[in-house]
Amino acid sequence: MTQDNDVTSRSIILPTSRKPRAINRRSLLRTASVGAAAAGAAAAFPRITFAQDSTPAAGTAAAGTPVAGPGGSQIIPSPIEGVPDVYLSAPEPFVSYDGVPGSGGTVRVFTIGYNPPPPARDQNQYWQELERRLGVTWEVDITPQPNYGEKSAAYFAGGDLPDLFYLNPEQNASQQYQAMAQGAFLDLTPYVTGDALQQFPNLATFPQYAWDNSKFQGVQYGVPNVQPNIGNLGFYRSDWAERFGLANPQGPDQVREFLLACTTGDPNGNGNPDTWGSGRFENGWRAWDNAIMSQMHRVPFNWRVNEDGSLTNQIETDEYRQMIQYQRDLFAAGAYHPDAAGMTFSDAQNTFIAGETGHHYEGFPSFFGPSSVTGRIQLNEPTASTTYFLPVGADGQPGVVYNGVGHFGYVGIPASLGGDEERVLELLRILDYLASPFGSEEDTFLESGIEGVHSARNADGNLVLNDQGRAERGDLIGMFSGLPAIFYPEDPQIGVRLQTGGIASRSLGIDDPTQGLYSAANIELGAQLTQLGTDTVTAIITGREAFESLDAAIEEWRSRGGDQVRQELQEAMQQSS
Amino acid sequence: MATLRIGGKSSSGPRGKTFSTPLRKRLWRDRWMYLFILPGLAYFLLFIYLPILGNFIAWKDYAPFVGLWESPWVGWANFELLFTDPDFQRALINTVQIEILQLVFAFPAPLALALLLHSIMSERLKRAIQSIVYLPHFLSWVIVIALWQQIFGGAGFINQLLANQDMDRINVMSNPDLFKPLVVLQSMWKDVGWGTIIFLAALTRIDTTLYEAAVIDGANGRRRLLDVTLPGIMSIIILLLILRMGSMFSTGFEQYFLQRNAVGPEAAEVIDTFVYTRAFQSGDWSFATAVGLVRGVVAAFMIIGANWLAKRFTGEGLL
């Protein structure tokens, strides 16, 4: 089960066996268009109403007007790096890759799986076409997420590593850090920086944050699977808020009022006390956070850098204590679902979809479009609507949002291939092909397979993947994709809303000051310190332990490895500066 | 069911003769039987005995990429960690408490159910009940706990009923004080039916003429139970009890992991969940191996000890 190592990246905190939707460009973002300044958008597209139009923080969120994009498309370019452009119409496929990347041999691939395994090659037209286009035999080992870490370890123990090795240590595979540190993977820096990178025109479009945030101990061991760099926001039932007369709740007091009204105000109108403010599902010291809690209280992003260069952990700050006290009061007042303590991610999601809770959070795009969480609520309650909390502090000033790392893993090449430059170049060319830009002929295949077999055109002329397409594509190339773009073929305006939200979120974004810094103790002890966090805050918030027990727990965190992690990160910071 | 034969000592036969035949001849004579044994034997050699050799990584700081041999030796460090860690002690205490409860309540439950089933005369009704009580065994713990949550949870059926009547909710599923009895009840609900299989098989092996004779001698139901039925299956009960001793330190993982957050580690941390967080999540295979090894050795002693006791007091045993 995934742990957010509370000291490393915060954005990949995802629950069990779940890929962050926010980050799955291939399947979501692309299937998913522009936010003019939200107020403007609302005028231009009457179906869109944004509760946060009037929030002070949203003032910075201003997207542009439509311009001509590649392949005759219309796009709204994002004004901020990390938030993708929105396509208002699909491009006419254009050729973006010259030649065939592979040399006819076999490429062994190890990747993570979230979908059912694809049919065997001889019954899989997508797989056959992929191999024809790449010019290689694509020998892929797709390992389901729960076994992904163990399978990685098995490869390391065997010593014979696949040519393209998908690395994502945050997905329950911290062993990969160890293997990287021990030299299992090739340092790709000479191939993917400076002039060398220009051999791979698609990889050259990758934003700097994705390269930087995918380094380990300062070394580029893999090519990042680029994702938007948007921090998650909490989403709530805006239809309920309006019913309570609490539209657009802002700041701790109003949020509290809203969450309590969900429990006591009978928002579903059935007369029974069967609704609550919120579920929860996270692990670690922010296990009851649901994004909005720490954001409103401006809790630091894992660590705060003091003036003397020393580090203070989030849990050692006053902001953190205020947040825990706030959540404890919420629980006592009944704002949380009674079974919240034991919830898994899917429990929390299901209660929100079933209309039992008024607030939930997960990857940003999960709330946009017909197949989203919001869409699924609307299947039961057609008038339901959701929108995001833009965090505001108790003082009325904007809160903070924790930026995503901007990648979902990276693809490494084993160190044993280091002597074979031709082979390394071939493998990078293959990745370059897989990173074809949105709307290109190559990308259209990678995305939608063969038209008429794996996908069909909808009324608007956009390709929509069918069941056979989804089954045959599976996770064959799930480990890698090109620059994210937002396009919802069924309704491009959904994308506009998504981009507007992304810009608003990004404008409040802060980074983890220790992002990319290496601490051996964190890798070794992270899981148990995270567990200590979950246990501590759950006991305090549910009232099983007194609030004062927080001090003892923080002391325990320090003595069991927290101080050691701090020391190592401080040293790493000094070295890198 | 090889165990039945071991316990029941029914597989005797003309032993003296067997031993006078040369081994080669005996092998050839029973070749087909040996052939049937082979796959099972291969399984145990490959997946049970061979991996035992890997236990030496308990004395190493094993890193998969570095390799089995190149990883550094660390002496008894992994074992020391085990005995100095307060969390491990908590996990150990919880595990033993839960296992004792299981032994007292969950172990005899299938026996009682088997006796009840055995007393049903209608073969059809018996089969119908058997099928129903087997079912929960095939559900995974994820489903079982979701079902219990739906019924007993804070927003479950019972509490919703109470809340709709303006009554207070009762906290069953996230109450640390109720956790241990709760898990024992869950285990019983899930596996009591399945556990009857072996007892029912043993019950059918009791010679019915013994009952007839007992009835003729004027024995009532209670006497027949105590003097015919129980002695008839005692060897099986002892056998299962001895084997049960081997798992005194393993509660299993899923049932506890799934409910641990709801009640907290004070009540629900067991050795299996402890090893999961400490060893597997951090990729500390050596530590996991050390825990497994200690547990295996203790379990072996428990089995041997229980066997010795059983032999001493009842004359029945496993070895």
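Across all chains of this predicted model, the count comes to 53 aromatic pairs, where rings of Phe, Tyr and Trp (its six-membered ring) pair if their centres lie within 6.5 Å. Local features need pLDDT of at least 70 and side-chain atom pairs pLDDT 80 or more, while totals for chains, interfaces and linings use all residues. Residues are numbered from 1 along each chain as its sequence is written, chains are lettered from A and ligands numbered from 1 in the order in which they are written, and side-chain values use heavy atoms, without hydrogens and water.

**Exercise 1. Classify the ring pair Tyr148(A) and Tyr166(A), then place both residues.**

Step 1. A pair of aromatic rings is described by the distance of the centres and the angle of the planes. Planes under 30 degrees apart count as stacked, over 60 as edge-to-face and the rest as tilted.

Step 2. Here the centres are 6.1 Å apart and the planes make 45 degrees, giving a tilted pair.

Step 3. Tyr148(A) belongs to helix H4 (residues 145-158) of chain A and Tyr166(A) to strand S6 (residues 164-167) of chain A, 18 residues apart. Helices (H or I, at least four residues) and strands (E, at least two) are DSSP runs, numbered from the N terminus.

Step 4. Buried means under 20% relative accessible area, exposed over 50%, partly exposed in between (1.4 Å probe, protein chains only). Tyr148(A), at 0%, is buried, and Tyr166(A), at 1%, is buried too.

**Exercise 2. Do the same for Phe235(A) and Phe367(A).**

Step 1. The ring centres lie 3.8 Å apart with planes at 0 degrees, so this pair is stacked.

Step 2. Phe235(A) is in strand S8 (residues 235-237) of chain A, and Phe367(A) in the loop between strand S12 (357-360) and H13 of chain A, 132 residues apart.

Step 3. Both Phe235(A) and Phe367(A) are buried.

**Exercise 3. Find where a charge sits over a ring.**

Step 1. The test asks for NZ of Lys or CZ of Arg within 6 Å of the ring centre and within 35 degrees of the ring normal.

Step 2. In chain A, the charged end of Arg280(A) sits over the ring of Trp288(A), 5.1 Å from its centre.

Step 3. In chain B, Arg31(B) lies over the face of Trp28(B), at 4.2 Å from the ring centre.

**Exercise 4. How are H12(A) and H13(A) oriented to each other?**

Step 1. Fit axes to C-alpha atoms over the stretch in contact, with angles from 0 to 180 degrees between N-to-C directions. For H12 (residues 345-353) and H13 (residues 373-380) of chain A, the angle is about 45 degrees and the axes are 9 Å apart.

Step 2. Angles under 35 degrees count as roughly parallel, over 145 as roughly antiparallel, 65 to 115 as roughly perpendicular and the rest as oblique. H12(A) and H13(A) are therefore oblique to each other.

Step 3. With contact meaning heavy atoms within 4.5 Å, Gln349(A), Phe352(A) and Ile353(A) of H12(A) meet Val373(A), Arg376(A), Ile377(A) and Asn380(A) of H13(A).

**Exercise 5. Describe the surroundings of Asn462(A).**

Step 1. Asn462(A) lies in the loop between strand S16 (455-457) and strand S17 (463-465) of chain A.

Step 2. With a relative accessible area of 8%, Asn462(A) is buried.

Step 3. Not counting residues up to four places away in sequence, Asn462(A) touches Ala90(A), Ala456(A), Arg457(A), Phe487(A) and Pro489(A).
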